[in-house]
Amino acid sequence: MSGDGASLVEQQLQGRVEEEITAAGDTRLFQVLAISGDMGAIATAVYGALSIGPRGEAVEITHTWEDVEACLGLLILTAAAALDDLTGDAWDTVDERLRFLVARVAA
């Protein structure tokens, strides 16, 4: 009997671990998708600062360039948080990528 109980507990624990892994993956996915939301906010701010609508029509000024800067800063932080969740060290990953790009430009 104890073997059956232990097996049941093991199955329940394994199911819980799989649920937690799935939940963590979902969270990472949402963080990556949040980047596109930030991109939309940036586009809206640029249109508003230029007083141009998305189809090129003239509209009133609704944003400032400081709003655009703030949206860009938020995008960087959102991307860094998503990258950190994926890699465990966003800044090391960024440093590695920068070194690659510098070497490529130098070549």
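Which residues gather in a patch of negative charge on the surface? In this predicted model, the patch is made up of Asp-84, Asp-85, Asp-89, Asp-92 and Glu-96. Two helices feed into it: α2 and α3 (90-106) each supply at least two of the patch residues. Asp-89 sits in the loop between α2 and α3. With a relative accessible area of 38%, Asp-89 comes out as partly exposed, because the partly exposed class runs between 20% and 50%.

As for the overall layout, the chain is helical, with three helices and zero strands. Read from the N terminus, its elements simply go α-α-α. Of the 107 residues in the chain, 12% count as buried. The accessible surface adds up to about 8200 Å², and carbon and sulfur atoms hold 63% of that area. Turning to contacts, take those in the chain with a separation of 6 or more: 42% of them come from residues 24 or more positions apart.

Charge pairing gives a short list. A search of the whole structure turns up one salt bridge, and it joins the side chains of Asp-95 and Arg-99, at 2.9 Å from N to O. Both partners belong to helix α3, where Asp-95 and Arg-99 are four residues apart, or about one turn of the helix. The two differ in how much of them can be reached from outside: Asp-95, at 33% relative accessibility, counts as partly exposed, whereas Arg-99, with a relative accessible area of 59%, is exposed. Arg-99 gets that label because its value is over the 50% cut-off. Asp-95 is missing from the negative patch described above, and here the salt bridge matters: patches are made of residues with no salt bridge, and Asp-95 has one with Arg-99.

Thr-78 offers a look at the other end of the accessibility scale. This residue has its place in helix α2, which spans residues 65-87. Its relative accessible area is 16%, so Thr-78 is classed as buried, the cut-off being under 20%. What does Thr-78 touch, leaving aside residues up to four places away in sequence? The list reads Gln-31, Ala-34, Ile-35 and Asp-38. Helix α2 thus turns up twice in this account, holding the buried Thr-78 and supplying at least two residues of the negative patch.

Conventions: Residues numbered from 1 in each chain as written. Predicted model: local features only at pLDDT ≥ 70, side-chain atom pairs only at ≥ 80, totals over all residues. Heavy atoms only, no water. Buried < 20%, exposed > 50% of the residue type's maximum accessible area, 1.4 Å probe, protein only. Contact = heavy atoms within 4.5 Å. Patch = residues over 30% accessible without salt bridge, like charges linked within 9 Å, V, L, I, M, F, W, Y side chains within 5 Å. Areas by Shrake-Rupley, 256 points an atom, 1.4 Å probe, with all protein chains shown as cover. Salt bridge = Lys/Arg side-chain N within 4 Å of Asp/Glu carboxyl O. Lys, Arg positive; Asp, Glu negative; His and termini not counted. Charge placed at Lys NZ, Arg CZ, Asp CG, Glu CD.
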